[in-house]
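Subject: Structure handover, with notes on helix packing and the ligand site

Dear colleague,

I am passing on the structure we spoke about, together with some notes on what came out of going through it. Please look through it at your own pace and read the notes beside it.

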Amino acid sequence: MGDNAKFSINGDNYEYPVLSGTEGPDVVDIRKLYGQTGAFTYDPGFTSTASCESELTFIDGGEGVLLHRGYPIEQLAENSSFMEVAHLLLRGELPTADEYSDFTNTITRHTMVHEQLRGFYQGFRRDAHPMAIMCGVVGALSAFYHDSTDINDPAQRMIASHRLVAKMPTIAAMAYKYSIGQPFVYPDNELSYTGNFLRMTFGVPAEEYVVNPAIEKAMDRIFILHADHEQNASTSTVRLAGSSGANPFACIAAGIACLWGPAHGGANEAALNMLKEIGHPDRIPEYIARAKDKDDPFRLMGFGHRVYKNYDPRASVMQETVREVFDTLKVKDPVFEVALQLEEMALNDPYFIDKKLFPNVDFYSGIILSAIGFPTSMFTVLFALARTVGWVAQWNEMISDPGQRIGRPRQLYTGPTKRDYVSIDKR
Ligand code: CMC
């Protein structure tokens, strides 16, 4: 703990403790501020507010560092697997060989969904956005698994968490299959988490599907890169929803809804659409000029980040992965060339330099996913699939915190002051 922070309002002086974490900025503990001074703090968008204490993920946006329980994302992406990272986030440590086999076995045994859940898909129009289906179907899980919803029981919380991580690929693949009018493919327990997802997505019952190990590895790495990202909008949504004691499956559906927006998980879809629209390196300056124009709402999608004021470390891994996937599939994509040149041009432009705008994770992910065969509408679904483990780990951490209370922000009210009701004939 550092020195107290001194605060003065209306002529009175107050002191608030300054708390230090293991990494990152100190925080001023203002929990007693309102009780003592009658004032709130004002921080729309939470740019300066730590909403919780967490041991899961640390980001140093200035340095471009992302750690999960202390391990750098680059090392995890290079050496680990999504199941290992899921274990790390949920259970606190990288697994031993026995723990790994036990954990993957548990997740694998939960990959099927209740047969009745299939009926939910029929209620959606064929052209429904798969994220709309994800919000609905994941929310509907709350009506099925009543044996894992006592949030005060750590064992039940873990079962709900395993179910969510395990069923998400099945639900996501079903959303895709429904949109293209193909039959749902049941999970295959012989395959890895990621291989199984690829088979449920791209396989058909009429043929044997052989998982391409290089694509499986690339996809697994994409899942690792998206597994958690501390207190972003969707994670904060899950925590806020969960803080009322709500059903865990419903909380994750709330996170999916938040993730959908183009400023958050929807950016990968928007980034690829933008790169395709640019189409040729010759047109890049036109788009850079638009992004800089204050009167044009256009932004370079996949650029900029609330926290990273340096290269997003996930974007570097993603860029390498694009090359690996292209080599494996022996494809070339002019969109990748546009992306590389756009990045170079933006990184040398004073507007982007001054505002510290760098490529984020979404800049390159769409190019890989498209090469693998996913339509753009599935990109955010894949983000949701991978982020589910982060959401449930954060939710578990919050519920097991003895100091946990319902989240209830305050406001600066600027509406009318008290006035008397006027009957309709007198208005
Ligand atoms: N293109 C052009 N200008 C930009 C961009 C961009 N992509 N991003 C930020 N700016 C400018 C913005 O106009 C503002 O300028 P000024 O100070 O002159 O008003 C300044 O940079 C700061 O932007 P901000 O909107 O105040 O920053 P923020 O922290 O509220 O927003 C962001 C962060 C990610 C929403 C924003 O950078 C953005 O809209 N980027 C494009 C969408 C995107 O790629 N989102 C994915 C985020 S990473 C994955 C995830 O978290 O889900």
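The notes below take up the ligand surroundings and then three helix pairs.

Please keep in mind throughout that this is a predicted model.

To begin with the ligand, 20 residues lie around it, and those that come nearest are His 264, Leu 300, Gly 302, Arg 306 and Lys 355. Two of these residues approach ligand oxygen through their side chains: a polar side-chain atom of His 264 is placed 2.6 Å from an oxygen atom of the ligand, and a polar side-chain atom of Lys 355 is placed 2.8 Å from an oxygen atom of the ligand. Leu 300 takes part through its backbone, where an N or O atom lies 2.7 Å from a nitrogen atom of the ligand.

Turning to the helices, the axes of H7 (residues 154–180) and H11 (residues 248–259) come within 10 Å and cross at roughly 45 degrees. Since angles between 35 and 65 degrees fall outside the parallel and perpendicular ranges, H7 is therefore oblique to H11, and the crossing of the two is right-handed. On the H7 side the contact involves Ala 160, Arg 163, Leu 164 and Met 168, which meet Pro 248, Phe 249, Ile 252 and Ile 256 of H11. By class, the residues of this contact between H7 and H11 are seven nonpolar and one charged, with no polar residue.

The second pair is H9 (residues 213–225) with H14 (residues 313–329), whose axes come within 10 Å and cross at roughly 165 degrees. An angle over 145 degrees counts as roughly antiparallel, which is why H9 is described in that way relative to H14, and H9 passes H14 in a left-handed crossing. H9 contributes Ala 214, Ile 215, Ala 218, Arg 221, Ile 222 and Leu 225 to the contact, while H14 contributes Arg 314, Val 317, Met 318, Thr 321, Glu 324, Val 325, Thr 328 and Leu 329. The contact of H9 with H14 divides into nine nonpolar, two polar and three charged residues.

Finally, H10 (residues 233–242) packs against H18 (residues 379–400) at an angle of about 40 degrees, with the axes 9 Å apart. That angle makes H10 oblique to H18, and their crossing is right-handed. The residues in contact are Ser 234, Thr 235, Val 238, Arg 239 and Gly 242 from H10, together with Arg 387, Trp 391, Gln 394, Trp 395, Glu 397, Met 398 and Ile 399 from H18. Here the contact of H10 with H18 holds five nonpolar, four polar and three charged residues.

With best regards

Definitions and conventions
Residues numbered from 1 in each chain as written. Predicted model: local features only at pLDDT ≥ 70, side-chain atom pairs only at ≥ 80, totals over all residues. Heavy atoms only, no water. Axes fitted to C-alpha atoms, helices over the stretch in contact; angles between N-to-C directions. Helix = DSSP H or I, 4+ residues; strand = E, 2+ residues; numbered from the N terminus. Parallel < 35°, antiparallel > 145°, perpendicular 65-115°, else oblique. Left-handed = near helix turned anticlockwise from the far one by under 90°. Contact = heavy atoms within 4.5 Å. Nonpolar A, V, L, I, M, F, W, Y, C, P; charged D, E, K, R; others polar. Near = heavy atom within 4 Å. Polar contact = N/O pair within 3.5 Å; in protein donor to acceptor, adjacent residues only side chain to side chain.
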